[in-house]
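Work through the exercises below with the sequence and the model open. Each task is followed by a solution in steps.

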Amino acid sequence: MSVDKQLHPAHVAILRVLLFSPEARFAELQKASELTSDHFNFYLKQLLDEEYITKKAEGAYHLTFKGKEFANRFDTEERKVERQPKVAVCLMIRHDGKQLVQQRLKQPFYGYWGRPTGKIRWGETILEAAARELMEETGLTADLEYESIFHKMDFNKKTGEMLEDKIFFVVGGKNPRGKLVEEFEGGRNAWMTQEEYMGQDKTFENAKDSFRNLRYMPKISIAEARYSYEPEHY
């Protein structure tokens, strides 16, 4: 099993030292782990084998790019990788008084109607993700633009337990082009008026709200940019 799936206290100790220092030597890392050399070597080797850390020629250890990204998500006090909201796009495609809606035919929320959504992939801009998801799930293209940001938190009504935590970048679309894919693995698409949508048995409440006003939402400011740094500066 990979390190990120089963963190041992020794992994945590090593990562914590290197998170707060450019590099460290074997003795310093072992001291933090409070293990004997043989036991410590086992966990140190796991981090080396999975390329979370690397060893310099002069003997010091430091985090790799992979290790830095992992450690940056790491809660050093709770000794675990922090759970974070899912980040996705939500597509609000409008045409002739109707909106493009999608029924989920997969878990969770099987059978619910809402908007086409999809996760933003690593390194993708919001509009790139929106265009890709629109084509993959509906077969359409459209003129896309930013609309809003929506943080949706779902809870179990009976226990209060959080079910899902999602941040949606809502992307509006007009002038849709192409032939709509009505059926696909995991769902179906349709154009619906407000009345048609409200008549469905299972609908997401936030999607109901969006049907009450078909005009574009007020403009908001969204900053998005790509930057480059020298490898040795990361």
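The model is predicted.

**Exercise 1. Helix α5**

Task: State which residues of α5 are buried, how far the helix reaches from its first C-alpha to its last, and which residue follows α5.

Solution.
- Step 1. The buried residues in α5 are Ile126, Ala129, Ala130, Arg132, Glu133, Leu134, Glu137 and Thr138.
- Step 2. With 13 residues, α5 reaches 18 Å from its first C-alpha to its last, close to the 18 Å expected at 1.5 Å a residue.
- Step 3. Gly139 comes after α5 and has a positive phi, near 80°.

**Exercise 2. Helix α3**

Task: Find which residues of α3 are buried, which are exposed on the other side, and what the buried residues pack against.

Solution.
- Step 1. Helix α3 covers residues 37-49, 13 residues in total, and its first and last C-alpha atoms are 18 Å apart, close to the 18 Å expected at 1.5 Å a residue.
- Step 2. Phe40, Tyr43, Leu44 and Leu47 are buried in α3. They are on the same side of α3, because they cover an arc of only 100° around the axis.
- Step 3. The spacing has a general background: an α-helix has 3.6 residues a turn, so residues three or four places apart point the same way.
- Step 4. Asp38, Phe42 and Asp49 are exposed on the other side of α3.
- Step 5. The packing partners of the buried residues of α3 are α1 (9-19), α2 (26-33), β1 (53-55) and β2 (61-63).

**Exercise 3. Backbone exceptions**

Task: Locate Glu51, Asp96 and Pro108, and give the backbone angle that singles out each of these residues.

Solution.
- Step 1. As background, most residues other than glycine have a negative phi, and most peptide bonds are trans.
- Step 2. Glu51 sits in the loop between α3 and β1, just after α3. The phi of Glu51 is positive, near 60°.
- Step 3. Asp96 belongs to the loop between β5 and β6, and its phi is positive, near 50°.
- Step 4. For accessibility, the cut-off for exposed is over 50%. Glu51 has a relative accessible area of 53% and is therefore exposed; Asp96, at 68%, is exposed as well.
- Step 5. Pro108 is in the loop between β6 and β7 (113-114). The peptide bond between Gln107 and Pro108 is cis, with omega about -10°.

**Exercise 4. Lys119**

Task: Decide whether Lys119 is buried or exposed, and list its contacts beyond four places in sequence.

Solution.
- Step 1. Lys119 is part of strand β8.
- Step 2. Its relative accessibility is 58%, so Lys119 counts as exposed.
- Step 3. Outside its neighbours within four places in sequence, Lys119 contacts Val87, Ala88, Glu124, Arg132 and Glu133.
- Step 4. One of these, Val87, is 32 residues away along the chain, with 6.0 Å between the two C-alpha atoms.

**Exercise 5. The largest pocket**

Task: Give the volume of the largest pocket and describe its lining.

Solution.
- Step 1. The space in the largest pocket comes to about 630 Å³.
- Step 2. Its lining has 27 residues, and Arg104, Thr117, Gly118, Lys166 and Phe168 lie nearest the centre.
- Step 3. Elements that each supply at least two lining residues are β5 (86-95), β6 (98-104), β8 (117-119), α5 (126-138), β10 (162-177) and α7 (205-211).
- Step 4. By class, the lining holds 9 nonpolar, 7 polar and 11 charged residues.

Terms used: Residues are numbered from 1 along each chain as its sequence is written. This is a predicted model: local features need pLDDT of at least 70, side-chain atom pairs count only at pLDDT 80 or more; totals for chains, interfaces and linings use all residues. Side-chain values use heavy atoms; hydrogens and water are left out. On a 1 Å grid over the protein atoms alone, a cavity is a set of points where a 1.4 Å probe fits but cannot get out, and a pocket is an open set with protein on both sides within 12 Å along at least five of seven lines; lining residues have an atom within 4 Å of a point. Grid points are joined across faces, edges and corners, and a volume is the space filled by probe spheres set on the points. Helices (H or I, at least four residues) and strands (E, at least two) are DSSP runs, numbered from the N terminus. Ala, Val, Leu, Ile, Met, Phe, Trp, Tyr, Cys and Pro count as nonpolar, Asp, Glu, Lys and Arg as charged, and the others, Gly among them, as polar. The expected span of a helix is 1.5 Å times one less than its number of residues. Buried means under 20% relative accessible area, exposed over 50%, partly exposed in between (1.4 Å probe, protein chains only). The arc is that of the directions from the helix axis to the C-beta atoms. Contact means heavy atoms within 4.5 Å.
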